Amino acid sequence: MLKIAIITGSTRPGRNNAAVSKWVYKIATERTDAEFELVDIADYNLSLFDEPVSPMFGHYSHEHTKTWSKKIASFDAYVFVTPEYNHGIPGALKNAIDFLYREWNNKAAGFVSYGAASGVRAVEHLRLVMAELMVATVRAQVPLSVLTDFEDFTKFAPDPKHVEEVHTLFDQLISWGGAMKTVREAG
């Protein structure tokens, strides 16, 4: 059975990201075709990228990097839950991604985003980053608007139509995650 991480994309105090990530995870736990885990980047206390050697070599000197590496390596696929900051992804998410390289390779990813423009530009940015890390991204994504899926821009209250979108994302992610697993096993 595939292991899929639902990764938070923000560490900001008072963030909406925790509520959105927990909602995605709740939907995931209703499924029996994969194993899901909520991974909060805030729990890993990653400083600004501070490894002296490129992550391409996998030689990590800091415990926080080794712990992060072990966690990310344990998954077959990822769902990134990201807000959009200034037409891109939050610095904390980009930093967490940049700490590693091989741990991401030949896996699959999907995206749940939110913002004034539903976070679609953040997902465009993430797709470029994932391509460089040899991560196959699925077409389905779940765009949430702070105008219609949040009360007063702060309390997450998603339109029920998004539940089916999350399931479609998971369907594609499980399919692609399984295909990429065969690539890793053959490699």
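With which residue does Asp171 form a salt bridge, and how far apart are the closest N and O atoms? The partner is Arg31, and the closest N and O atoms of the two residues are 2.6 Å apart. Asp171 belongs to helix H5, whereas Arg31 sits in the loop between H1 and E2, so this pair ties together parts of the chain that are 140 residues apart in sequence. The model is a predicted one, and the paragraphs below lead from its sheet to helix H5 and then back to this salt bridge and others.

The sheet is open and has 5 strands, in the order E2-E1-E3-E4-E5, with parallel pairing. Its edge strands are E2 and E5, the latter covering residues 135-145, and each of these two pairs on one side only. From one strand to the next, the twist averages 20°. Helix H5 packs on this sheet and touches E1, E2, E3 (77-83), E4 (107-115) and E5. The direction of H5 makes about 165° with that of E5.

At one end of the strand order, E1 (residues 3-8) and E2 (residues 35-39) run parallel and are joined by 5 bridges. Between these two strands the chain passes through helix H1, residues 17-28, and the resulting β-α-β crossover is right-handed. Two of the bridge pairs may be named: Lys3 has Glu35 as its partner in E2, and Ile4 has Phe36. As a general matter, the side chains of a regular strand alternate between the two faces of the sheet.

Helix H5 comprises residues 161-186, and His167 is one of its residues. Is His167 buried or exposed? Its relative accessibility is 17%, and because the limit for a buried residue is under 20%, His167 counts as buried. Apart from neighbours within four places in sequence, His167 is in contact with Ile27, Glu30 and Arg31.

Two of these contact residues also take part in salt bridges. Side chains of opposite charge can pair when their charged atoms come close. Glu30 meets Lys26 through their side chains, with an N to O distance of 3.9 Å. Lys26 counts as exposed, at 53% relative accessibility. Arg31, the partner of Asp171, is buried, with a relative accessible area of 13%. Asp171, by contrast, is partly exposed, with a relative accessible area of 42%. The pair is also part of a wider arrangement, since a network of salt bridges links Arg31, Asp33 and Asp171.

A further salt bridge involves Arg184 and Asp76, whose closest N and O atoms are 2.6 Å apart. Arg184 lies in helix H5, and Asp76 lies in the loop between helix H2 (63-73) and E3; the pair therefore ties together parts that are 108 residues apart in sequence. Asp76 is buried, with a relative accessible area of 9%, while Arg184 counts as partly exposed at 25% relative accessibility.

How many salt bridges does a search of the whole structure find? The search finds 9, among them the pairs Asp171 and Arg31, Glu30 and Lys26, and Arg184 and Asp76. Helix H5 thus appears in several parts of this account: it packs on the sheet, it holds the buried residue His167, and it carries Asp171 and Arg184.

Technical notes
Residues are numbered from 1 along each chain as its sequence is written. This is a predicted model: local features need pLDDT of at least 70, side-chain atom pairs count only at pLDDT 80 or more; totals for chains, interfaces and linings use all residues. Side-chain values use heavy atoms; hydrogens and water are left out. Two strands pair if DSSP finds at least two bridges between them. Helices (H or I, at least four residues) and strands (E, at least two) are DSSP runs, numbered from the N terminus. A crossover is right-handed if, with the strands pointing away from the viewer, the path from the first strand over the helix to the second runs clockwise. Buried means under 20% relative accessible area, exposed over 50%, partly exposed in between (1.4 Å probe, protein chains only). Contact means heavy atoms within 4.5 Å. Axes are lines fitted to C-alpha atoms, for helices over the stretch in contact, and angles run from 0 to 180 degrees between N-to-C directions. A salt bridge is a side-chain nitrogen of Lys or Arg within 4 Å of a carboxyl oxygen of Asp or Glu.
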